[in-house]
Amino acid sequence: MSSSAQYLNPSEAARRLGVSAKALRLYEQRGLVAPVRTAAGWRAYGPEEMARAAEIAALRALGLSLAQTARVLGGDPQGLEPALAAHQASLEDRARQLAGAVEKVRGLRTDLAQGKTPAAADLARLAGPAGEISVAFDLPWPWGGERFELRDIRPINYIIGSLGSGKTRLAMRLAETLPDAAFLPLERTADSARLKADPALKARVDTALAWLAEDGATESDALVALLAALEAEGPTILVVDMVEQGLDEPTQEALIAHLRRRGPGARPLFLMTRSCAILDLAAVGPDEAIILCPANHAPPTRVAPYPGAPGYEAVATCLALPDVRARTEGLIAWRPPAA
């Protein structure tokens, strides 16, 4: 290396690119970028490597799979059309939301010019997106009936907590209370008869499987069953029990990347998880939220995805690698008998 000042270590390179260090490793594993090595053997990213990684990150943000990204970087435009169409739809959805917000502000200014004072509630709604979904209810056992309110529901909402924290009960109550919501339980199997009877659904599932396979996923009954529920017409909101159930680590990583590609206008998902492949704290974006069920049964709370935020360490301690999750699957927390 000509000048160490021009080269960045993986964590600093990831921070400047706005991606996770795990994403950089994945780019390298797929041969998309090749960091240089220091004399001590450490990876380092110079100007050329950073420019290449920035192109990869931009293409991924458009919704391209890693295989499609590789083809585009190699000069083959195959796969660009559907990705650009999806990105266009996302931008148009945001434009409609902004147009609606502008119209509301214009109306309030007109009222103000006519001597009408806007209501505080109308002003407060300007801070949230149009059609914002919110929910409020009394918490079930094991809580003491405290009031729970959740506003600004995102396209992806993670529910996390230690064993016995009540996260499943919270998820089920959310599914009962949210408008047009459904709960997808842990016991799910691929319904081949349903897919055969619904060619449109099967086509959507097959398309999703193809994208996931290009990102390293392994097809399985568990994955097909999950995709069938995610792609089916029906509930406006879906609450999924332990989304990583039956999926290996590459499949989990491909799945969450696929769900993120849906964009801000997608139907909200609540994903129960304890896998760091699903909930990579370094990769949580603006369209995602984390809900923590504390181990001491304090009311669930939203947690910001950065070190030092209240609850961040508690969330981090609940997460485990997929192989650890597989070894502990089905276990429950043990409590000593009362003296």
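A polar contact is a pair of N or O atoms within 3.5 Å, where, within protein, one atom must be able to donate a hydrogen and the other to accept it. In this predicted model, such a contact joins the side chains of T251 and D248, at 2.6 Å. T251 belongs to helix α11, which covers residues 249-260. With a relative accessibility of 1%, T251 counts as buried, because buried means under 20% relative accessible area. Neighbours within four places in sequence being left aside, the contacts of T251 are G216, A217, T218 and L223.

The region just before those contacts also holds a charged pair. D215 is located in the loop between α9 (199-214) and α10 (221-231), and D215 forms a salt bridge with R60, with 3.3 Å between the closest N and O atoms. R60 is part of helix α3 (residues 47-61), and the two partners are 155 residues apart, so that the pair links distant parts of the chain. Both D215 and R60 are buried. Side chains of opposite charge can pair when their charged atoms come close.

The bridge between D215 and R60 belongs to a wider set, since a search of the whole structure finds 13 salt bridges. Another of them joins the side chains of E28 and R43, with an N to O distance of 2.6 Å. This pair, too, links distant parts of the chain: E28 sits in helix α2 (residues 21-29) and R43 in strand β2 (residues 43-44), 15 residues apart. R43 has a relative accessibility of 33% and therefore counts as partly exposed.

A salt bridge can also be found within a single helix, as E12 and R16 show in helix α1 (residues 10-17). Their side chains meet at 2.9 Å, N to O. The two residues are 4 apart in the helix, which means that about one helical turn separates them. E12 is partly exposed at 21% relative accessibility, whereas R16, at 55%, counts as exposed. The cut-offs account for this assignment, because exposed means over 50% and partly exposed lies between that value and the 20% below which a residue is buried. The pair is also part of a network of salt bridges that links E12, R15 and R16.

Aromatic side chains provide another kind of pairing. A pair of aromatic rings is described by the distance of the centres and the angle of the planes. The search of the whole structure finds 1 aromatic pair. Its members are F137 and F148, whose ring centres are 5.4 Å apart and whose planes stand at 50°, so the pair is tilted. The angle falls in this class because planes under 30 degrees apart would count as stacked and those over 60 as edge-to-face. F137 lies in strand β3 (residues 135-138) and F148 in strand β4 (residues 147-150), so the pair ties together parts that are 11 residues apart in sequence. Both rings belong to buried residues: F137 has 5% relative accessibility, and F148 has 4%.

The loop between β3 and β4 contains P142. The peptide bond leading from W141 to P142 is cis, with omega near 15°.

Two loop residues are notable for their backbone angles. D152, which is not a glycine, has a positive phi of about 55°. D152 is placed in the loop between β4 and β5 (156-161), and its relative accessibility of 25% makes it partly exposed. D180 also has a positive phi, near 55°, in a residue other than glycine. The loop that holds D180 runs between α7 (167-177) and β6 (181-184). With a relative accessible area of 47%, D180 is partly exposed.

The surface, finally, carries a nonpolar patch formed by V105, L123 and L126, which together have about 220 Å² of accessible area. One of these residues, L126, is located in the loop between α6 (120-125) and β3. L126 is partly exposed, its relative accessible area being 33%. This value is consistent with a place in the patch, because patches are made of residues with over 30% relative accessible area and no salt bridge.

Notes: Residues numbered from 1 in each chain as written. Predicted model: local features only at pLDDT ≥ 70, side-chain atom pairs only at ≥ 80, totals over all residues. Heavy atoms only, no water. Buried < 20%, exposed > 50% of the residue type's maximum accessible area, 1.4 Å probe, protein only. Contact = heavy atoms within 4.5 Å. Phe/Tyr/Trp six-rings, centres within 6.5 Å; stacked < 30°, edge-to-face > 60°. Patch = residues over 30% accessible without salt bridge, like charges linked within 9 Å, V, L, I, M, F, W, Y side chains within 5 Å. Areas by Shrake-Rupley, 256 points an atom, 1.4 Å probe, with all protein chains shown as cover. Salt bridge = Lys/Arg side-chain N within 4 Å of Asp/Glu carboxyl O.
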